[in-house]
Amino acid sequence: MNFIIRLSDRLYKIMEYILGVLGIELIILVFYGVIKRYIFKAPLIWGYELSILSFMWISFLGAGHALKSKKHIVFDFFIDTLPEVVAKIVKIAADIFIFLFLIIGVYYSYNVFLGTIAQEFQTIPISYGWLYSALLVGLIIMAVHQLAIFFEDIKNLISEKEG
């Protein structure tokens, strides 16, 4: 249990760094593409595909980052009306449901990854597998974070019953 929570915390810090680097890379790439197209009248042919690849990675790694920092939209008006212990049990049930959904997503995204690994982008010699692996990696990271959230919620429920 503590291993998963520590792993989740480490992944969160690593993702902050990677997201920062990818964000800067995407801004520079798009800015360079605009300059090339509109000032030098020579469009950056490979820039579009590389920006799509970067954006996919930013999106799915960012989703894991948002999950860990609890920045996703939560509809808690229903949960707020429940007694505190019942609300915590409902939250744990939701944690399990979300985790199972993520695991199913990992399974299917792995199949998509395998189906696209042999295809390449048109302008850059990179496999489409790299594009779809963003979904796979992002879902795995989200599953680790969700499992850590589940364990933390279990700890909170136990401490509530003991206190």
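The following questions and answers go through pockets, salt bridges and some loop residues of a predicted model.

Colleague: How much space lies in the largest pocket, and which residues are closest to its centre?

Modeller: The largest pocket holds about 460 Å³ of space. Its lining is made of 17 residues. The closest of these to the centre are Ile-73, Val-74, Lys-91, Asp-95 and Ile-98.

Colleague: Which helix gives the most to the lining of the largest pocket?

Modeller: At least two lining residues come from each of helix 2 (47-68), helix 3 (84-116) and helix 4 (128-162). The most, 4 residues, come from helix 3.

Colleague: How many residues in the lining of the largest pocket are charged?

Modeller: The lining can be split by class into nonpolar, polar and charged residues. Nonpolar residues number 9 and polar residues 2. The charged residues number 6.

Colleague: Is Asp-95 buried or exposed?

Modeller: Asp-95 sits in helix 3 and is among the residues closest to the centre of the largest pocket. Its relative accessible area is 1%. The cut-off for burial is under 20%, so Asp-95 counts as buried.

Colleague: What is the C-alpha to C-alpha distance between Asp-95 and Gln-146?

Modeller: In sequence, Asp-95 and Gln-146 are 51 residues apart. In space, C-alpha to C-alpha, the two are separated by 6.7 Å.

Colleague: Which residue forms a salt bridge with Asp-95, and how far apart are the closest N and O atoms?

Modeller: The partner lies in helix 3, 4 residues from Asp-95, which means a separation of about one helical turn. This partner is partly exposed, with a relative accessible area of 32%. The residue is Lys-91, and the closest N and O atoms are 2.8 Å apart.

Colleague: Which residue in helix 4 pairs with Lys-91?

Modeller: The pair links distant parts of the chain, with Lys-91 in helix 3 and its partner 62 residues away in helix 4. The side chains meet in a salt bridge with an N to O distance of 3.2 Å. The partner is buried, at 12% relative accessible area. It is Asp-153.

Colleague: Which residues are joined into one network by salt bridges that share partners?

Modeller: Lys-91 forms a salt bridge with Asp-95 and another with Asp-153. These salt bridges share a partner, and the network is made of Lys-91, Asp-95 and Asp-153.

Colleague: How many salt bridges does the structure hold, and what is the N to O distance between Glu-84 and Lys-88?

Modeller: The structure holds 4 salt bridges. Glu-84 and Lys-88 are 4 residues apart in helix 3, so about one helical turn separates them. Lys-88 is partly exposed, at 22% relative accessibility. The side chains of Glu-84 and Lys-88 meet at an N to O distance of 3.8 Å.

Colleague: How much space lies in the second largest pocket, and which helix gives the largest share of its lining?

Modeller: The second largest pocket holds about 170 Å³ of space. Two or more residues of its lining come from each of helix 1 (2-38) and helix 2. The lining divides into 7 nonpolar, 3 polar and 1 charged. The largest share, 6 residues, comes from helix 1.

Colleague: Which residues form a nonpolar patch on the surface, and what is their accessible area together?

Modeller: The patch is made of Val-30, Val-34, Tyr-38, Ile-39 and Phe-40. Val-30, Val-34 and Tyr-38 are also among the residues that line the second largest pocket. Together the patch residues have an accessible area of about 540 Å².

Colleague: Is Phe-40 buried or exposed?

Modeller: Phe-40 is found in the loop between helix 1 and helix 2. Its relative accessible area is 57%. The cut-off for an exposed residue is over 50%, so Phe-40 is exposed.

Colleague: What phi does Lys-41 have?

Modeller: Lys-41 is placed in the loop between helix 1 and helix 2. It is exposed, with a relative accessible area of 63%. Although Lys-41 is not a glycine, its phi is positive, at about 55°.

Colleague: Where is Lys-70, which has a positive phi of about 55°?

Modeller: Lys-70 is not a glycine, yet its phi is positive. It is exposed, at 53% relative accessible area. Its place is in the loop between helix 2 and helix 3.

Technical notes
Residues are numbered from 1 along each chain as its sequence is written. This is a predicted model: local features need pLDDT of at least 70, side-chain atom pairs count only at pLDDT 80 or more; totals for chains, interfaces and linings use all residues. Side-chain values use heavy atoms; hydrogens and water are left out. On a 1 Å grid over the protein atoms alone, a cavity is a set of points where a 1.4 Å probe fits but cannot get out, and a pocket is an open set with protein on both sides within 12 Å along at least five of seven lines; lining residues have an atom within 4 Å of a point. Grid points are joined across faces, edges and corners, and a volume is the space filled by probe spheres set on the points. Ala, Val, Leu, Ile, Met, Phe, Trp, Tyr, Cys and Pro count as nonpolar, Asp, Glu, Lys and Arg as charged, and the others, Gly among them, as polar. Patches are made of residues with over 30% relative accessible area and no salt bridge: like charges are joined within 9 Å, nonpolar side chains (Val, Leu, Ile, Met, Phe, Trp, Tyr) within 5 Å. Accessible areas come from the Shrake-Rupley method with a 1.4 Å probe; for residues, only the protein chains shown count as cover. Buried means under 20% relative accessible area, exposed over 50%, partly exposed in between (1.4 Å probe, protein chains only).
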